[in-house]
Amino acid sequence: MRVYKEQKLQKMYCNNCGKSIEIKNSIIIEGVFTVDYRWGYFSEKDGKKHSFDLCEKCYDEITKKFKYNVEEREYTEFFNS
Ligand SMILES: [Zn+2]
C-alpha cells in the first residue's frame with residue numbers, strides 16, 4: 001500500500017502485515033514484492049487492476065506455502081553510462 005504526496009512516494013506499507021517499508025527520498029531501500037496486475041477477459045475480475053506490496057518476510061511466508069516452489073533464475077542488470 002502506497003501513499004503519495006504531490007506524486008512523490010511518501011509512505012509504503014506491506015499489505016499483508018502492515019509493516020512500514022523503508023523509503024529514502026521516494027526510493028524504496030529494502031526488499032519488497034510489488035504486484036500490479038490487470039485481470040483479463042477469462043477472469044471474473046475482467047477490467048480490474050489489482051496492486052499490492054509485500055515485505056520480504058511476508059513474501060517468504062506466503063510463497064513457502066506454495067505446492068511448487070517459486071521459479072528462480074539469476075539475472076544481471078546492465079547499466080548504460
Ligand atoms: Zn509483511
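## Working through a predicted model

Glu-6 sits in the loop that joins S1 to strand S2 (8-12). Keep in mind that this is a predicted model. Let's start with that loop.

**Exercise 1.** Work out what is unusual about the phi of Glu-6, and decide whether Glu-6 is buried or exposed.

*Solution.*
- Step 1: Start with the general rule: most residues other than glycine have a negative phi.
- Step 2: Now check Glu-6: its phi is positive, about 50 degrees, although it is not a glycine.
- Step 3: Look at the loop between S1 and S2 again, where you also find Gln-7. Gln-7 isn't a glycine either, and its phi is positive at about 65 degrees.
- Step 4: Exposed means over 50% relative accessible area. Glu-6 has 74%, so it is exposed. Gln-7 has 78%, so it is exposed too.

**Exercise 2.** Find out which residues coordinate the zinc ion and what geometry its site has.

*Solution.*
- Step 1: Pick out the donors. They are the SG atoms of Cys-14, Cys-17, Cys-55 and Cys-58, at 2.3 to 2.4 Å.
- Step 2: Read their spacing along the sequence: C-x2-C-x37-C-x2-C.
- Step 3: Check the angles among the four donor atoms, which run from 105 to 115 degrees. Four donors count as tetrahedral if all angles lie between 85 and 135 degrees, so the zinc site is tetrahedral.
- Step 4: For comparison, the ideal angle for four tetrahedral donors is 109.5 degrees.
- Step 5: Test two of the cysteines for burial, which means under 20% relative accessible area. Cys-55 has 3%, so it counts as buried. Cys-58, at 2%, counts as buried as well.

**Exercise 3.** Place Ser-51 in the structure and say how far its C-alpha atom is from that of Asp-36.

*Solution.*
- Step 1: Find the element: Ser-51 belongs to strand S6 (residues 49-55).
- Step 2: Check its surface. With a relative accessible area of 47%, Ser-51 is partly exposed.
- Step 3: Compare chain and space. Ser-51 and Asp-36 are 15 residues apart along the chain, and their C-alpha atoms are separated by 4.3 Å.

**Exercise 4.** Describe the volume and lining of the largest pocket.

*Solution.*
- Step 1: The volume of the largest pocket is about 150 Å³.
- Step 2: Its lining is made of Tyr-59, Asp-60, Thr-63, Lys-64, Asn-69, Val-70 and Glu-72.
- Step 3: Sort them by class and you get three charged, two polar and two nonpolar residues.

**Exercise 5.** Which elements have the lowest and the highest mean pLDDT?

*Solution.*
- Step 1: For the whole protein, the mean pLDDT is 94, and 98% of residues reach 70 or more.
- Step 2: Among the elements, strand S1 (residues 2-5) is lowest at 93, while helix H1 (residues 56-64) is highest at 98.

Key. Residues are numbered from 1 along each chain as its sequence is written. This is a predicted model: local features need pLDDT of at least 70, side-chain atom pairs count only at pLDDT 80 or more; totals for chains, interfaces and linings use all residues. Side-chain values use heavy atoms; hydrogens and water are left out. Donors are N, O and S atoms within 2.8 Å of the metal (3.2 Å for Na, K and Ca); water is not among the atoms, so sites may look incomplete. Four donors count as tetrahedral if all angles lie between 85 and 135 degrees; four count as square planar and six as octahedral if opposite donors are over 155 degrees apart and all others between 65 and 115; anything else is irregular. Buried means under 20% relative accessible area, exposed over 50%, partly exposed in between (1.4 Å probe, protein chains only). On a 1 Å grid over the protein atoms alone, a cavity is a set of points where a 1.4 Å probe fits but cannot get out, and a pocket is an open set with protein on both sides within 12 Å along at least five of seven lines; lining residues have an atom within 4 Å of a point. Grid points are joined across faces, edges and corners, and a volume is the space filled by probe spheres set on the points. Ala, Val, Leu, Ile, Met, Phe, Trp, Tyr, Cys and Pro count as nonpolar, Asp, Glu, Lys and Arg as charged, and the others, Gly among them, as polar. pLDDT is the predictor's confidence in each residue, from 0 to 100. Helices (H or I, at least four residues) and strands (E, at least two) are DSSP runs, numbered from the N terminus.
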